[in-house]
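Colleague: Could you take one part of this model and walk me through it slowly? I'd like a close look rather than a tour.

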Amino acid sequence: MIKAILIFNNHGKPRLSKFYEHYNEDTEQQIIRETFHLVSKRDENVCNFLEGGLLIGGSDYKLIYRHYATLYFVFCVDSSESELGILDLIQVFVETLDKCFENVCELDLIFHVDKVHHILAEMVMGGMVLETNMNEIIMQVDAQNKMEKSEAGIAGAPARAVSAVKNMNLPEMPKNINIGDISIKVPNLPSFK
Amino acid sequence: MPAVSKGDGMRGLAVFISDIRNCKSKEAEVKRINKELANIRSKFKGDKALDGYSKKKYVCKLLFIFLLGHDIDFGHMEAVNLLSSNKYTEKQIGYLFISVLVNSNSDLIRLINNAIKNDLASRNSTFMNLALHCIANVGSREMAEAFASEIPRILVAGDTMDSVKQSAALCLLRLNRTSPDLIPMGEWTARVVHLLNDQHLGVVTAATSLIATLAQKSPDEFKTSVSLAVARLSRIVTSASIDLQDYTYYFVAAPWLSVKLLRLLQCYPPPEDAALRSRLTECLETILNKAQEPPKSKKVQHSNAKNAVLFEAIALIIHHDSEPNLLVRACNQLGQFLQHRETNLRYLALESMCTLASSEFSHEAVKTHIETVISALKTERDVSVRQRAVDLLYAMCDRSNSKQIVAEMLSYLETADYSIREEIVLKVAILAEKYAVDYTWYVDTILNLIRIAGDYVSEEVWYRVIQIVINRDDVQGYAAKTVFEALQAPACHENLVKVGGYILGEFGNLIAGDPRSSPLVQFDLLHSKFHLCSVPTRALLLSAYIKFINLFPEVKGTIQDVLRSDSQLRNADVELQQRAVEYLRLSCIASTDILATVLEEMPPFPERESSILAKLKKKKGSSKLPDLDDSRRTVNGSSEHAEDTEAVNINVNQGPIHTSTDILNLNSTPSSGASLLVDVFSDMANPAPTEGSEDHFPRFVCKNNGVIYENQLLQIGLKSEYRQNLGRMYVFYGNKTSTQFLSFSTSVTSDIVLSSHLSVQAKPVDPLIEAGAQVQQILNIECVSDFSDAPVLNIQFRYGGTLQNIAVKLPVMLNKFFQPTEMASQDFFQRWKQLGAPQQEVQKIFKAQNQMDTDVAKAKLLGFGVALLDGVDPNPANFVGAGIIHTKTTQVGCLLRLEPNTQAQMYRLTLRTSKESVSQRLCELLSEQF
């Protein structure tokens with residue numbers, strides 16, 4: 001079983017955290033920090049598995065991780081999962097993200113947390129691997145998008161128009177959204193060799 | 001066209017995120033977040049109803065804030081409202097919020113369950129999937145209660161969509177993990193097995209995961225899955241990659257499904273049906289063969305997927321442990337991986353080899369790789385891999401290579417990572433003991449261990465070396481010589497001083513013949529370390545000194561001078577001061593005979609499982625073993641002797657006077673005397689243990705050890721020791737069945753009156769008892785004042801599906817706190833007369849229940865706790881005894897007289913104590929024993 005899935009960047013900023021076992025918020029943050037600490041100090045060409053991390057619990061658990069450009073993808077799993085299988089699952093996850101966001105980068109994960117969660121939900125459910133076939137996953141995600149569009153088209157349009165007007169009237173609304181660092185795209189994930 | 005374009009997101013959300021990202025400091029970020037939280041809160045509380053879009057936007061903001069590590073304590077209600085929206089996007093966000101943020105908040109769970117119920121009934125597969133995802137992600141017990149019967153129905157219904165079936169299977173699996181007792185087995189199980197034949201490989205994968213877990217619980221129910229799984233696996237393995245188009249991953253056919261199927265097969269023994277078996281063997285051989293083929297792709301994903309299947313196949317081969325041919329092939333394959341350039345493969349190969357080493361077919365084959373593993377230990381750059389190498393060396397160690405392996409581990413220890421040092425120390429200690437042919441090697445190894453990694457040598461390790469040296473006289477001289485030499489190093493670890501002090505104190509005489517290690521030299525050497533040591537070690541050294549006085553009368557003066565010095569006699573530490581005072585006094589007044597008796601060499605320790613092994617297992621958490629406290633006690637089975645401060649502290653918090661009585665009573669401690677006699681008694685007591693705890697209770701009046709309760713499932717044994725007003729009871733729970741006991745818990749209850757007189761504290765007990773295993777629990781008992789009732793031990797556990805409740809009266813009686821008192825006849829009569837008041841005496845005349853035998857009666861009285869006084873009563877057939885009951889508040893002196901009348905088959909028992917209730921209770925207890 002997968003106990004937790006964490007994504008954070010090279011500085012330890014969490015970009016996605018999904019726990020399949022309940023912890024309180026403080027513990028979750030502590031786990032993220034500890035995991036970052038464990039993973040980030042490792043060299044590039046050591047193995048992708050490590051034990052430890054007292055918080056995540058016991059010797060039956062392992063951290064399996066991959067490092068892509070600016071992001072770490074870490075899965076915490078118990079012994080009922082195949083280590084290499086999970087490594088491949090991470091790969092499928094990243095490839096799927098890449099297809100859905102067209103050259104995924106860290107910013108996509110930040111601005112579309114909900115989407116990332118939905119894509120993940122198509123692959124992992126309650127800590128168990130649901131689907132590993134990328135085409136199937138993308139099909140589901142596309143279907144969702146279509147539904148979203150059609151709903152936005154019929155019912156969402158007036159609401160969005162209203163909110164757009166409201167926003168225009170708000171005095172504190174920043175005139176110029178600082179997109180300085182948005183335009184500098186984080187280097188793309190390496191094409192998956 | 002990207003599936004998600006950046007324009008159509010929520011603008012407000014994007015602005016908020018940009019703001020946060022532009023914050024220059026943590027404070028600014030917190031300020032911005034608080035502002036947003038206040039905004040959202042006011043929006044949620046406002047009179048205006050929010051439309052679905054705004055709710056969605058705000059919920060997304062909350063999710064983002066939560067990810068940044070801020071506590072979210074509102075918005076749950078809004079999220080729940082989104083669940084009942086009939087717009088997909090709003091529903092989806094609602095479910096997302098719930099599964100990320102909601103715990104078992106009971107008010108909301110009911111509302112959520114309601115929404116889920118509606119969605120499950122909606123027959124809209126997208127909504128059903130969302131609902132199933134939510135159940136699986138939250139997985140709480142309330143949800144299991146609400147949906148455990150519904151989900152199997154959805155899973156096997158003919159008209160359910162594939163994607164829903166997939167979710168339903170995993171949802172059920174998740175609920176089975178959180179609340180296994182709620183999942184009903186039934187006719188659906190047979191139909192689930194047939195999902196292995198499903199067209200859709202995603203459904204098959206999910207079903208395989210489900211069956212693999214359920215089969216561990218009830219293997220018979222899912223037996224038929226074996227043949228289906230083999231058939232499916234065989235089709236995948238032999239397929240051309242083109243057949244499974246979508247489920248082919250980098251040229252490997254359905255790797256995840258193959259892994260799951262191989263896992264499922266690991267729940268069962270090798271199939272009995274010959275055809276099936278050969279088909280499976282064929283599959284496994286094909287997988288092994290494929291490993292040798294040139295890769296179809298250079299990509300790491302290809303080899304990863306291929307090897308994931310391969311490792312799982314090897315795990316199945318090891319699990320079956322029946323085909324020597326396959327086992328050896330597996331071992332060779334792993335051997336190749338040991339030198340592979342992929343670190344992951346080296347890691348996994350070491351890990352798999354560990355299990356392979358325990359099979360008798362492949363143990364030898366694994367051993368051939370010893371050089372590779374040792375070099376991995378030395379050269380591997382990754383600590384995870386080095387750790388696996390240590391594990392494997394430990395697993396492959398046997399008599400033939402133990403010296404090499406121990407030496408390599410020792411040398412690795414000098415540079416090992418701090419995080420794994422303690423574990424290596426334990427492993428070396430265990431291997432050294434297990435494979436020691438000559439114990440001089442063992443002693444050398446452990447001393448080296450202390451030298452190299454003294455800080456990581458736990459108490460257990462040095463206790464154990466002392467235990468072994470004491471039990472084996474062939475190694476004692478060598479040990480003394482070696483520690484003497486080791487102590488000469490200018491800086492040595494405190495643990496070495498402890499071992500050295502203990503061993504020289506016991507066996508220093510064996511090397512005293514050599515002028516280079518004459519008694520005085522030995523003493524000076526030890527004493528030169530004294531000032532650098534901590535208090536417990538100094539206490540141990542003081543005990544070693546007094547032993548020296550006995551061994552070498554010629555250094556008596558020197559040692560007395562040391563004891564007499566102000567730094568000892570007036571030491572700030574009570575324990576040290578006391579030892580110095582007592583030892584000094586003892587050395588001055590006792591004759592050499594008495595000294596020789598008191599300070600005699602330690603008797604051998606009882607042989608038990610190594611405490612170190614227990615510790616390692618505990619550390620690894622792999623199996624449940626007796627509590628560590630027990631092992632400590634074993635090592636210091638020496639609670640009676642003053643050598644060991646640790647033991648004294650652990651066993652009883654005894655007052656200062658006690659240490660000296662301990663020394664003086666070394667060979668006639670009350671407890672050992674009693675247990676000896678108890679054996680006589682237990683032989684002639686009911687030979688067949690009877691059912692029911694009431695019957696056992698009286699038998700414990702005069703003894704401390706035995707079986708207190710037994711039925712078909714459980715046996716409860718007791719061992720207890722008492723000293724003054726304190727007691728410690730070891731309760732052993734033995735599982736007599738071949739199934740685990742789950743949720744095992746115990747509690748000790750006393751009624752209100754009793755609890756003010758007697759306090760019983762139970763240490764926690766393991767919640768799980770493996771089949772046939774025994775666990776131990778420790779109860780600490782303190783007698784505050786005299787009492788007459790007995791506490792009750794309540795035991796609760798789950799056996800099979802049913803909850804068992806057992807209540808046993810604990811045999812803690814007032815007489816347990818007796819201390820026997822010897823006195824002359826004159827004293828006895830004087831006191832007897834002093835206790836002449838009518839309420840102080842209780843007398844009972846009763847008929848003998850058993851044969852009237854003088855020796856048995858004597859044994860019982862001693863077991864009862866009093867000292868028997870000979871020559872006091874003019875009639876030699878009568879028994880007279882005396883003792884003191886210790887309670888925390890008072891001490892009650894107690895005299896008794898038992899007059900047998902063999903002709904009438906009657907006894908007359910008279911008790912006189914200074915307290916009426918005490919006389920009464922003791923009389924009740926004792927009169928039932930004859």
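Modeller: Sure. Let's settle one term before we start: a residue counts as buried when its relative accessible area is under 20%, and as exposed when that value is over 50%. Bear in mind too that this is a predicted model.

The part I'd pick is helix α15 of chain B, residues 274-292. A quick sanity check on its geometry: with 19 residues at 1.5 Å a residue, α15(B) should span 27 Å, and its end C-alpha atoms sit 27 Å apart, so the two agree.

Now for the side chains. Buried in α15(B) are Leu276(B), Leu280(B), Thr281(B), Cys283(B), Leu284(B), Ile287(B) and Leu288(B). If you look down the helix axis, the buried residues of α15(B) fall within an arc of 155°, so they line one face of the helix. Turn to the other side of α15(B) and you meet Ala274(B), Ala275(B) and Glu282(B), which are exposed.

And what lies over that buried face? The cover for the buried residues of α15(B) includes four helices of chain B: α13 (225-238), α14 (255-265), α16 (300-320) and α17 (324-338).

For contrast, here's a sheet in chain B: 5 strands make an open sheet, ordered β3-β4-β5-β8-β7, with antiparallel pairing. The edges are β3 (706-710) and β7 (758-762) of chain B; each has a single partner strand, so one side of each is left without a neighbour in the sheet. From one strand to the next, the twist averages 25°. At the β3(B) edge, 4 bridges tie the strand to β4(B), residues 714-723, running antiparallel, and Val707(B) stands opposite Gly717(B) of β4(B).

Terms used. Residues are numbered from 1 along each chain as its sequence is written. Chains are lettered from A and ligands numbered from 1 in the order in which they are written. This is a predicted model: local features need pLDDT of at least 70, side-chain atom pairs count only at pLDDT 80 or more; totals for chains, interfaces and linings use all residues. Side-chain values use heavy atoms; hydrogens and water are left out. Helices (H or I, at least four residues) and strands (E, at least two) are DSSP runs, numbered from the N terminus. The expected span of a helix is 1.5 Å times one less than its number of residues. Buried means under 20% relative accessible area, exposed over 50%, partly exposed in between (1.4 Å probe, protein chains only). The arc is that of the directions from the helix axis to the C-beta atoms. Contact means heavy atoms within 4.5 Å. Two strands pair if DSSP finds at least two bridges between them. Axes are lines fitted to C-alpha atoms, for helices over the stretch in contact, and angles run from 0 to 180 degrees between N-to-C directions.
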